[in-house]
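Student: Please take a close look at a single part of this structure. I would like one connected account of it and its surroundings.

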Amino acid sequence: MTSPSEQPALTGTLIFDLGSDDSRCVEPPVLDVPPIPLDEVLGASRRSAPALPHVTEVDIARHYERLASTNFGVDSGFYPLGSCTMKYNPKINEWACRLPGFADLHPYQPASTVQGALELMWGLQEALAEVSGLPAVTLQPAAGAHGELAGLLAIRAYHTDRGDARTRVLVPDSAHGTNPATVAMCGYEAVQVPSDERGGVDLGALRRLLGTDVAAIMLTNPNTLGLFDENILAITAAAHEAGALAYCDGANLNAILGKTRPGDMGFDALHINLHKTFSTPHGGGGPGAGPVAVTDTLAPYLPGPLVARDTDGRFSLADPARSIGRMRSFLGNFGVLVRAYTYIRATGADGLTDVAEQAVLSANYLKVLLHEAWPLPYDRTCMHEFVLSGSRLRKEHGVRTLDVAKRLLDYGIHPPTVYFPLIVDEALMIEPTETESKATLDRFAAVLLRIAEEAAEDPGLLQAAPYTTPVRRLDEAAAIKQPDLAWRPSPDS
Amino acid sequence: MLERIGVRSIDDLFAVVPEVARLARPLALPAGQSEVELAEHLLSIAARNTGAGAAVSFLGGGCYDHYIPAIVDAVLSKPAFFTAYTPYQPEVSQGTLQAIYEYQSMVCQLTGMEVSNASMYDGATAFAEAALMAARVTKRREVVVSAAVHPEWRETLATYASAGALEVRVVPASGGVSDVAALTDAVSRRTAAVLVASPTFYGTIEDIPAIASGAHTQGALLVVGGNPVLLGVMQPPGELGADIVVAEGQPLGNPMSFGGPGLGMFACRQDHVRQMPGRVVGKTTDVDGKIGFVLTFSTREQHIRREKATSNICSNHALNALAAGVYLSAVGAHGLAGIAEACIAKAHHLEAALVGTGRFERVFDAPFGYEFTLRFRGEVRAMQEHLLGRGFLAGLDLGAFDTTDAGLVCFAVTEKRTRAQLDSFVQEVAQL
Amino acid sequence: MYPKELKYDREHEWIRTEGDVATMGISHFAQDQLGEVVYVDLPSAGDSITAGDAFGEVESVKSVSELFTPVSGEVVEVNEILADAPETVNEDPYGDGWMIKVRLSNPAEVDELMDADGYQAFLAEEA
């Protein structure tokens, strides 16, 4: 019998600590063909057993229930994580992707046996083309950063085809870290463009940097400050005049659905984060999907295969003529594509426009509730998100934005994105999304105002927060200096 | 809300959008559907597919029809896991973090490596990232890849290399496995890595120690692609000289889902951890001394190191890694070995029986796991089409990937295929 | 905070010269900005370095900074302590937390650097 003191701790009890040597959950099937002596097949490459858990199904069910109870998701509470669009994930999407007619398909089945799957992918390609204002779409990239890589490689191939070797890509100082990292992976030099005092791209600086060596500018619009760049048309035109192409990071597409389109702003390529704008769940870090939409000019370079509808109404796969090649195995993160397709069909044309309007309304409402107590470095009408600065709290009370974030956890709210964008001191980046009620927004504002008061009354309270979470602040330096990245069996076991 | 903001209409909030860029019409998309209609619509689309339940499948090539224990989806369906973001706030993300730490631990056990990352998109991208990592570790830029590796993995590598970071040399295979002598000859002091997979695209098992010595003699790293189910019975590549091990982790509790999302397993040696791409979770303690987990070695990553990051990757396939962790817990070492043995036994049974029909012939002598390649005496496409009509997905036409492999068909046999299915398939083949 | 006998540069390194060998580390200000140092990546003895170039990196949990040398020469010694105890950079930046020793190829480069007063004035200006 297990004594009460041996109840597994809420955190830190590993699956390896549970069960006993003879615990079993799923047994392999009874062999209905003659067994094969493995030594004959694998010879010296036969192994001793790996140290995997040995547990019962009850152990597993309780272990992961325990872990789940220490996790915060969108279903747990408000999750205003700027730039990540943590909107509610409708459950019908989860049902849809698990239908056997989708989940049990092999990617190499003949096209005749997967017409439904191809039709769904084609429908999604078409919908994303319409939403982006860019006619050609590949669904292959597995994530936003993967889409950036595909898009920028396509731009590179376009220039190469024209015999125009360019070496630099311009990236604003407010950009996501993936942008410069992608630029480097594409063999280009990332050149930083400063922001102007209104929070947009400094047009003068951009014009000075644009030369015949610039392959592309890479821009998020609305940008990471949540601001729509007032000079967007001038920016894309300037890029084109210099022979460069304009790449749009679609992280913030949620703000503009049905209102304006990257293609209409002059962008040549765009990746779309389905896990942001189209409500596929973030999964604790993935999988997402990062389809790329491009102009007709760039279409021949997209990674294939793409889905085509033939004249007889049937669907087939085809590689673009001058494709950069594949970015991964198979066709794309299909399970994620099914969810996004389901969301688009549920929401519809009017609904998608409502999404943008409500997201922008919510953000502006929240901004107005907060902007007196919390300085806003760029205080103008925002799109779906806005960035506050905790610099005043730091100067006056020695409380950092990190402390504010940790204190929010005690109020049952997931903190906003912190310390990003880099151009705002002690940044708090807040994206409420369209799926939150006014009551939730009001409560969040009240909590953030209360925390500002707490900072003045008792800075130590914030500096030691959180108090109510399954674990409190963790020693991240120790995790690096004495790395423990994997459990290992003890030598005597 | 509008009043509080101080505007008259929502349109005022969008005034900043230049007139010419505004969409002056509704989106040309269907109107939204009620959930009842939508469910009908999705069921009707799904019904236009022939799923694995409706045909007997012998398709593999990196995506396999293994059984998924019910407990796996029960765990994956917990909203606290699937509606969470990346665990950047560890105090409220211990579930995700610990599940990844456990996954990393299991990957180390299967591969025989010291460190695993939190996962990548799929096996192909993990393979390409391994080549880039080897270039950083060795400060060299040429990689030598065996043509016996899955063509889509090689193509992904070529795409990643196309911006000039790597020079890729492909060495032809021989007898369905890597040509060890030719691989070794191709390696020089300029070589960052030798890249192979075992099993190969043809299903065969490679002689890893021989390939390892050819790579290491010249200071190159050895990257080995594996199959995680076979790693339940095979000697781990880490014990055979691999420096980086990658695998497509889909067979571990993830549905085929038309090929994605997959699970890019990625493991390496502790010495190289600072050059590893992707996230990694480490164990530590909190201010009260409680055990807890955090994302660590983050300075390698794009959000901090930007253009000097080890990769631009900004996610992992956490949910697929969770599935793998639950799966491996559910089957255990005993079950994984049993599943591998069942797959291998059934594959060998089918192979012998297909050769016995006289319609297929053996072309390779190398040992194989649960995938094997035979030559069909006839027109492959017509054969596959006929057998599809009889309810069978009759293997992979390798000629569709590379014309030099025309006539070759690769069959995968998982533990889900029953003796009765194998026998009736053989009967159909015999009657061709 | 800023010992008088040392020279400083605008990248927040300090230099102590003894004969033609210079010892180099990062200033109190730099270590404070970084927070707890968890990793220091340094060149090897025998490597040559050139004024203005990056010669290594210093990392905290959430940041990484390149180390730039204000002088040229050959690295003659590297502080081995930092591999196991990188936090020494925080605890004793001018003593046990030193990073490399360089045999100067152009000692005149040292004359270009700021003294402690000049460096403090520079810091005040930057703030």
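**A helix at the chain contact**

Tutor: Start with what the buried residues of α3(B) pack against: α3 (91-97), α4 (100-103), α5 (115-132) and α11, each of chain A. Keep in mind that the model is predicted.

Now the helix itself. Helix α3 of chain B covers residues 35-46, which makes 12 residues. At 1.5 Å a residue the expected span is 16 Å, and the end C-alpha atoms are 16 Å apart, so the two values agree. Which residues of α3(B) are buried? They are B:Leu42, B:Ile45 and B:Ala46. Viewed down the axis of α3(B), the buried residues fall within an arc of 95°, so they line one face of the helix. An α-helix has 3.6 residues a turn, so residues three or four places apart point the same way. The face of α3(B) turned away from the buried side carries exposed residues: B:Val36, B:Glu37, B:Glu40 and B:Ser44.

Next, the contact between chains A and B. Chain A puts in 163 residues and chain B 158 residues. On the side of chain A that touches chain B, helix α11 (residues 334-370) gives the most, with 20 residues. By class, that side of chain A holds 91 nonpolar, 44 polar and 28 charged residues.

B:Gln109 gives another view across the chains. B:Gln109 sits in helix α6 (residues 94-111) of chain B. Why does B:Gln109 count as buried? Because it has 26 C-beta neighbours inside 10 Å, and the cut-off is 20 or more. Setting aside neighbours within four places in sequence, B:Gln109 is in contact with A:Pro50, A:Ala51 and A:Leu52. Within chain B, the C-alpha atoms of B:Gln109 and B:Pro236 are separated by 8.3 Å, though the two residues are 127 apart along the chain.

Then the nonpolar core. The largest one has 352 residues, and A:Ala154, B:Ala131 and B:Ala134 touch the most other members. Helix α12 (residues 318-356) of chain B supplies the largest share of this core, 23 residues. Take B:Ala134: beyond neighbours within four places in sequence, its contacts are B:Val143, B:Ala192, B:Ala193, B:Leu221, B:Val223 and B:Ile244.

Last, the layout of chain A. The domain assignment gives domain 1 (8-69), domain 2 (92-346) and domain 3 (349-478). The C-alpha centres of domain 1 and domain 3 of chain A lie 43 Å apart.

Note on methods
Residues numbered from 1 in each chain as written. Chains lettered and ligands numbered in written order. Predicted model: local features only at pLDDT ≥ 70, side-chain atom pairs only at ≥ 80, totals over all residues. Contact = placed C-beta atoms within 7 Å. Helix = DSSP H or I, 4+ residues; strand = E, 2+ residues; numbered from the N terminus. Nonpolar A, V, L, I, M, F, W, Y, C, P; charged D, E, K, R; others polar. Core = buried A, V, L, I, M, F, W, Y, C linked by C-beta atoms within 7 Å. Buried ≥ 20, exposed ≤ 12 C-beta atoms within 10 Å, placed from the backbone. Domains from an automatic or database assignment. Expected span 1.5 Å × (residues − 1). Arc of directions from axis to C-beta.
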